[in-house]
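Reader: Please take me closely through one part of this model, the surroundings of the bound ligand, and then through any backbone features of the loops that deserve a careful look.

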Amino acid sequence: MKISVVGTGYLGATHAACLAEMGFEVVGLDIDPLKIAALANGELPFHEPGLPELIREHVANGRLRFTTSYEEIGSWADLHFLAVGTPQRAGEQAADTSFVEDAVRSLAENIPRSALIVGKSTVPVGTARRLQDILQLHRRPGADVGLAWNPEFLREGFAVNDTLSPDRIVLGTDDPEHEALLRAVYAKPIRQGTPVIVTDFETAELVKAAANAFLATKISFINALSEITEVVGGDIRTLAQGIGLDARIGASFLRAGLGFGGGCLPKDIRALQARASELGQERSMRFLSDVEEINLRRRERAVHLATSMLGELVSSKIAVLGAAFKPNSDDVRDSPALDVAVRLFDAGADVAVYDPKANANASRRFPRLTYAENVEQAVAEADLVMVLTEWKEFVELSPENLQLLTSARKIIDGRNVLRAEEWTDAGWEFAALGRKYAPAYEYSTIGV
Ligand SMILES: NC(=O)c1ccc[n+]([C@@H]2O[C@H](COP(=O)([O-])OP(=O)(O)OC[C@H]3O[C@@H](n4cnc5c(N)ncnc54)[C@H](O)[C@@H]3O)[C@@H](O)[C@H]2O)c1
């Protein structure tokens with residue numbers, strides 16, 4: 001089977017390389033010629049552990065190629081995965097589906113044969129039906145082109161493993177031939193036991209939206225409880241453990257801290273609310289606006305903690321450790337760490353940001369911040385150190401080592417990954433979100 005992957009960003013580049021790893025002949029297509037040139041050279045324009053090696057291996061053995069030509073893939077491939085972006089529409093909550101629409105139109109106009117288009121992008125429910133109409137309208141005479149929906153659940157930072165060994169495969173199709181084709185593509189993970197759910201377009205689209213809404217809600221749930229433990233002097237980590245051991249609840253996604261960000265969760269919960277409103281069901285997803293507010297209040301809380309530890313922010317020097325929205329990624333889209341760094345800067349602080357992988361992306365987005373090349377440089381002059389993304393090298397910081405690099409004796413753990421006692425025993429003033437070490441906070445005074 002010859003397979004194309006349309007859109008070679010985080011999702012598409014990973015999917016293309018993993019399909020090649022599974023043994024297929026694959027061509028990745030993007031409208032960005034620079035991205036395509038880099039990938040064709042075996043260079044990955046973003047950070048994803050294990051992916052550059054896979055791309056280089058399969059580019060070298062000829063199983064993986066890259067192109068900008070729809071004409072080329074149209075006549076060549078049996079199956080086309082759609083992995084283009086669905087960002088938030090400017091000035092609105094809803095998702096911008098124009099990229100998927102453009103891609104389907106381009107495919108329809110360039111496929112002269114029988115083929116299957118398989119959507120992987122995260123789209124508002126109802127999009128696949130609309131795309132089917134676009135496909136009918138633009139397809140070439142005699143070409144038999146079908147559509148199926150197969151949402152993607154990979155996590156950045158674990159993308160290769162999640163693609164090769166997914167925890168479930170959801171197939172939105174009512175055509176047994178399309179189902180059989182997709183079962184053949186995923187034969188390896190299916191053999192290894194990955195469950196397959198076959199359903200209609202709408203449910204397939206909603207499974208993805210629902211998964212992200214649930215994960216965001218779980219994070220904000222524990223962070224909302226942080227607001228309570230901070231006032232009463234409790235410990236959110238112990239509370240999370242206390243509920244997470246209940247098998248009905250589960251421990252994952254219960255680490256309280258600075259909250260969620262990235263290119264998916266924030267835009268996906270906004271898009272779900274927008275779509276629910278369009279469907280006349282605004283009330284059903286209204287709670288997600290609380291989920292988002294709780295999430296944003298954690299960033300305010302981090303700034304408040306910094307202010308209360310420093311007295312005032314103006315002219316204070318703050319080392320911000322972390323800019324990516326999570327560790328093992330250089331993605332700074334909607335990053336809580338970077339947002340806090342900007343808020344501190346805007347409040348008059350002198351901020352030095354260091355991230356092991358995301359400095360370049362962060363400085364493109366916010367060139368006015370100062371970026372350090374390593375922890376040593378970031379903390380050298382600092383009055384306060386803030387750990388805002390839980391990279392391993394920050395989790396492993398010890399007070400003894402850090403005090404060789406800086407005279408600052410103040411640290412904020414924005415991700416609840418440091419051992420408070422170690423730091424306080426070594427003479428540091430330590431604060432964390434949701435724990436008793438944090439100065440009290442008047443929540444009634446906060447707006448979002
Ligand atoms: N990043 C993730 O972890 C992840 C996980 C699951 C699902 N998703 C979903 O996958 C989709 C893609 O996300 P991403 O993070 O890879 O985005 P991205 O911005 O990294 O990549 C999108 C790519 O699509 C290309 N593109 C845009 N229009 C095109 C067109 N008409 N033809 C060909 N290429 C085109 C862009 O140039 C870009 O390279 C989104 O819907 C996202 O919600 C992402």
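Author: A polar contact is taken here as a pair of N or O atoms within 3.5 Å of each other. The model is a predicted one, and the distances that follow are computed from it. An oxygen atom of the ligand lies 3.1 Å from an N or O atom in the side chain of Arg-333, and this pair therefore falls within the 3.5 Å limit. The side chain of Thr-86 offers another such pair, with one of its N or O atoms 2.5 Å from an oxygen atom of the ligand, whereas at Thr-122 the partner is a polar backbone atom, 2.9 Å from a ligand oxygen. The ligand, taken alone, would expose 830 Å², and the protein buries 90% of that area.

Around the ligand stands a shell of 27 residues, of which Asp-30, Lys-35, Tyr-70, Thr-86 and Lys-267 are the closest. Sorted by class, this shell holds twelve nonpolar, nine charged and six polar residues. Domain 1 (2–199) and domain 2 (214–445) each contribute at least three residues to the shell. Among the helices, α1 (10–21) and α5 (98–110) each supply at least two shell residues, and the largest contribution comes from α5, with three.

Thr-122 itself sits in the loop that runs between β5 (114–119) and α6 (127–138). Thr-122 counts as buried because its relative accessible area is 16%, and the limit for that class is under 20%. Leaving aside residues up to four places away in sequence, Thr-122 touches Thr-86, Lys-208, Lys-267 and Asp-268; Thr-86 and Lys-267 also appear among the residues closest to the ligand.

The backbone features are found in another loop, the one between β9 (317–321) and α14 (336–346), where Asn-328 is placed. Asp-334 lies in the loop between β9 and α14 as well. Most residues other than glycine have a negative phi. Asn-328, however, has a phi near 65°, a positive value in a residue that is not glycine, and Asp-334, likewise not a glycine, has a positive phi of about 50°. As for accessibility, Asn-328 has a relative accessible area of 29% and is therefore partly exposed, and Asp-334, with a relative accessible area of 29%, is also partly exposed.

Conventions
Residues numbered from 1 in each chain as written. Predicted model: local features only at pLDDT ≥ 70, side-chain atom pairs only at ≥ 80, totals over all residues. Heavy atoms only, no water. Near = heavy atom within 4 Å. Polar contact = N/O pair within 3.5 Å; in protein donor to acceptor, adjacent residues only side chain to side chain. Areas by Shrake-Rupley, 256 points an atom, 1.4 Å probe, with all protein chains shown as cover. Helix = DSSP H or I, 4+ residues; strand = E, 2+ residues; numbered from the N terminus. Nonpolar A, V, L, I, M, F, W, Y, C, P; charged D, E, K, R; others polar. Domains from an automatic or database assignment. Buried < 20%, exposed > 50% of the residue type's maximum accessible area, 1.4 Å probe, protein only. Contact = heavy atoms within 4.5 Å.
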